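Q: Please take a close look at one packed helix pair in this structure, and then set it beside the other packing described for it. A formal account for a newcomer would be welcome.

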Amino acid sequence: MKPSVSSTGRPSATAYTGLADLNIIGVLFWDADGNITNANDRFLQTVGYSREDLVAGALRWSEMTPGEWRAADVDALEELAARGACTPFEKEYVRKDGTRVPVLLSALLVEESPDLNHGVAFVVDLSERNAQFAGVVRDIRDREAGKAADRERERLAAFSRDVGVAFAQSGTLARMLQLCAELMVTHLGAAAARIWTPNAREDGFRLLACAGSLCSAEGSDGPVTAMFFDVGEIARERTIVTSRVAGDPRFDQTWAAASRVAGFVGYPLIVSERVLGVITMFGWAPFSDATVQAISYVAHALASAIERERIEASQARLAAIVEATTDLVSIAILEGGVLNLSYINQAGRAMLGIGPQESVPDLSVFRTAESLRELNEVILPAVLRDGVWSGETTYVSRDGRLVPVSQLAFAQTHQGHVQFCNIARDITDRKRIEAELRATNERTRFAHAAAGIGIGEIEVSTGRMTWSESMPAMHGVADGSFDGTVKAYHELIHPDDREALQKARESAMATGADYSTEFRILWPDGSVHWLDVRHQIRRAWDGRGDRLFGVAIDVTERKALEAQLRQAQKMDAVGRLAGGVAHDFNNLLTVILGYAECLAAGPGCSDPQRRDVGEIIKAAERSAALTRQLLAFSRHQMLQPTLVDVNALVANMSDMLSRLIGEHIQLATVLAAGLGPVLADQGQLEQVLMNLTVNARDAMPQGGRLLVETAEVQLDQTSADHDQAAAPGRYVMLAVTDSGAGMDAETRRHLFEPFFTTKERGQGTGLGLATVYGIVKQSGGYIWGNSEPGHGATFKGFLPRSNASLPPEIVGPVAAVAARGSETVLLVEDEGGVRRLAQRILENAGYRVIPASDPAEAMELFALHRGGIDLVLTDVIMPGSSGPDLFQSLAAQEPTLKVLYMSGYTEDAVVRQAGLDRGQPFVHKPFTAAVLARTVREAFSHPGARPARVIE
């Protein structure tokens, strides 16, 4: 870059503005009146004045010069007028505080003027001493006078002047460094001068400038030596090296002698404790202190120039990055509480819809009302107070689109003004993704909660455990109360399941295989819940971050249903067993009762014998009652459903119940008003109430209170108790509550099992509650029992409420039917004793009987007596075929044929088991002779399908 010149051919003042900005040496400008119009900071520091003093016009060249130096000023002005420049000379200035400062001064005319007194002066403070020059002191007042000293002063002054010109006119840093190296050779008598800067890796130095006869490019990059001296030592130690080469062990003396070098100077270039380079200089003679001092000026100037170049390059790179970024970057000047926009990058313009060349005074118009309030009340105060603010806010683009941003705002001071710097990133996509992720997470949480699914993960090495949001509820703990450790989790597991779970986990960790476990969780309220957990081992690549992942499902309800199924299966199996026993026992009782009646009615039976037979009959009848209980439990007993008013049933039985429980127990009833009817067998319901009352009485041997309640309730599938779940609907509740001893959990588990009793041996059959259970279940209802030790017990029976409102049909007395006849009866019974008894009873009643032991024999006898058989009396369940199947075959041959079925099972049971037509006559075993004879007579008069008669 060439210096600018005026019309006179001399350089203009602007040519030296750059040199003044460097503040390497003092630079001042004066006008024709001798006023100092401008000066750099270095000159103001030398003379002790401030820039305010300069602006106020307090600095005049002539007034700062002591009287004894004014003659020298006149000589310099005359020389300046003659050739446009003056030879550097020494003088003194009077500082603002009155002290004097020695300086080296030179001047140039910068443009033609009539009085030849308008130019630029260069001032070197000769009193300065660098702190690193311990022991290197130069005092111009004490220097030895002589021509050599004068020449050195002239040389150093010329060096300082030319270096200043080089700084002002060189243009590039590389050119400036090279000119400085050449000036060191020209003015300072250097055999070689080199300037080094750190390489790109900063592990060595690269040669940027070189001048002199010994100059070469050797060691231009890397940790190398400079003319047999280690440059890195100067940089590392940050020390100035001055040496007489001869005899210095740091130099190769053979090379030094051959090259005839005698002096060396090494000077580090340092700015703010940062080494930016090194100057090295060899001389034909040792360098004087004044020369070293001159190098110090150059070193400081070069360091500043290199740092400025580095900063400008960094700023250029930063500017390129700012323009290349996709984030909004803006700078605003805060003036009077208003942010005046001074810069916004192209990405910011594009984000807000601002044209490339459009001028925008501020960005407030691109904010929503809410974000503008946030800017004034939150962001700006935080930046002014703390220096920085970060967060999310919202802009509005030119087309009205809301632009959510993540913003960083900070403040910096520049030239006395506060700059508000802003970096904002458009997070529209992030917000959309976050919203979608939140929606997905909500759906996932809902699905997990609805499905009873939870997710957990264990970091094996640390034992830390993380839960999904649904897990606390599955474990009965409050959110945030679980401390996230495996140890704490094991405390939630049922003690009986902990060891098995631990062994399963250890086995899976050893093999790496997936596995499943079911275990119980103890909730804080004491309840037990079941979890089914599927586990997966996730191995880490380094073997130290293994994780155990688990998906848990709450299977408490499933376990309850399984328990209900097992209980129902057990009760059904016991019921089938009880029904089978009752059937076989009924056959035996039929024979016992029948023949006992025959003995009692026989003419040869004496009174003592008749009494004995009577006891046999009583025992048989009691046994028959026992079988009816078994059949009730097994739901095989015969029911006669009618509309029953439960309130009336309880009221009618109150007196009997009072006598039953005794005076030591108080009976109370609470009957719900407007109670609907139920469709049930009234006699069986009476049996239910009787059994529950007796059970309550036995629980209060010392007396107490018995409460019978009725109510109408709504049940659904959630109204589960113990092992039962109710079908939704309206029910009539019959409840019996006592204040007795109560029952423990083990007793409650067996309440309705047949033959289970807590009474002493011989004090109970264990069929009381089992019978209640069977009657209620066969009536389509439910029976639940609740009790705690010492708190009595409550049994609640629930029967479906009937929608019918008609009163039960009143049936008049049945006309007596003659029990005798003369017709022919085909008797089919596989039990020999029953067959022989029935044959005897019917023959005694006047009937002709053809006995058959099974359906096959019956078919043969029917064919043999075809047209001569009037009625078939057949058992329902027989080996090979059933009674209904047999009759269907026979009726196909003889449509007018009559039938009477008999069975140890009840009609309901045989309807289910053998497909019995409910309209056909039926007799229940065990039967008496009179009952059988009467029922056979009725069967002959049966017109066809009609409701089954109950035979007792």
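A: An axis is here a line fitted to C-alpha atoms, for helices over the stretch in contact, and the angle between two axes runs from 0 to 180 degrees between N-to-C directions. Two packed helices are described by the angle between their axes and the distance between the axes. The model is predicted.

The pair chosen is helix H23 (residues 832-844) and helix H27 (residues 929-940), which pack at an angle of about 65 degrees, with their axes 10 Å apart. Angles of 65 to 115 degrees count as roughly perpendicular, and H23 and H27 are therefore roughly perpendicular to each other. Their crossing is right-handed. On the H23 side the contact is made by Ala838, Ile841 and Leu842, and on the H27 side by Ala929, Leu932 and Val936. By class, this contact has 6 nonpolar residues, with no polar and no charged ones.

A second pair is formed by helix H7 (residues 173-188) and helix H10 (residues 289-324), which pack at an angle of about 175 degrees with axes 11 Å apart. Angles over 145 degrees count as roughly antiparallel, which makes H7 roughly antiparallel to H10. H7 contributes Leu173, Met176, Leu177, Cys180, Met184 and Leu188 to the contact, while H10 contributes Thr291, Ile295, Leu302, Ala305, Ile306 and Glu309. Counted by class, the contact of H7 with H10 has 10 nonpolar, 1 polar and 1 charged residues.

Helices also pack against a sheet in this model. The sheet is open and has 5 strands in the order E22-E24-E25-E27-E26, with mixed pairing. Strand E22 (665-670) and strand E26 (782-787) stand at the edges with a single partner strand each, so one side of each is left without a neighbour in the sheet. Neighbouring strands are turned by 20 degrees against each other on average, direction ignored. Within the sheet, strand E25 (residues 729-738) pairs with strand E27 (residues 793-800) in the antiparallel sense over 8 bridges. Leu734 has Gly797 in E27 as its bridge partner.

Helix H19 (residues 646-661) lies across E22, strand E24 (704-715) and E25, and runs at about 175 degrees to E22. Helix H20 (residues 682-698) lies across E22, E24, E25 and E27, and runs at about 35 degrees to E25.

Conventions:
Residues numbered from 1 in each chain as written. Predicted model: local features only at pLDDT ≥ 70, side-chain atom pairs only at ≥ 80, totals over all residues. Heavy atoms only, no water. Pairing = 2+ DSSP bridges. Helix = DSSP H or I, 4+ residues; strand = E, 2+ residues; numbered from the N terminus. Contact = heavy atoms within 4.5 Å. Parallel < 35°, antiparallel > 145°, perpendicular 65-115°, else oblique. Nonpolar A, V, L, I, M, F, W, Y, C, P; charged D, E, K, R; others polar. Left-handed = near helix turned anticlockwise from the far one by under 90°.
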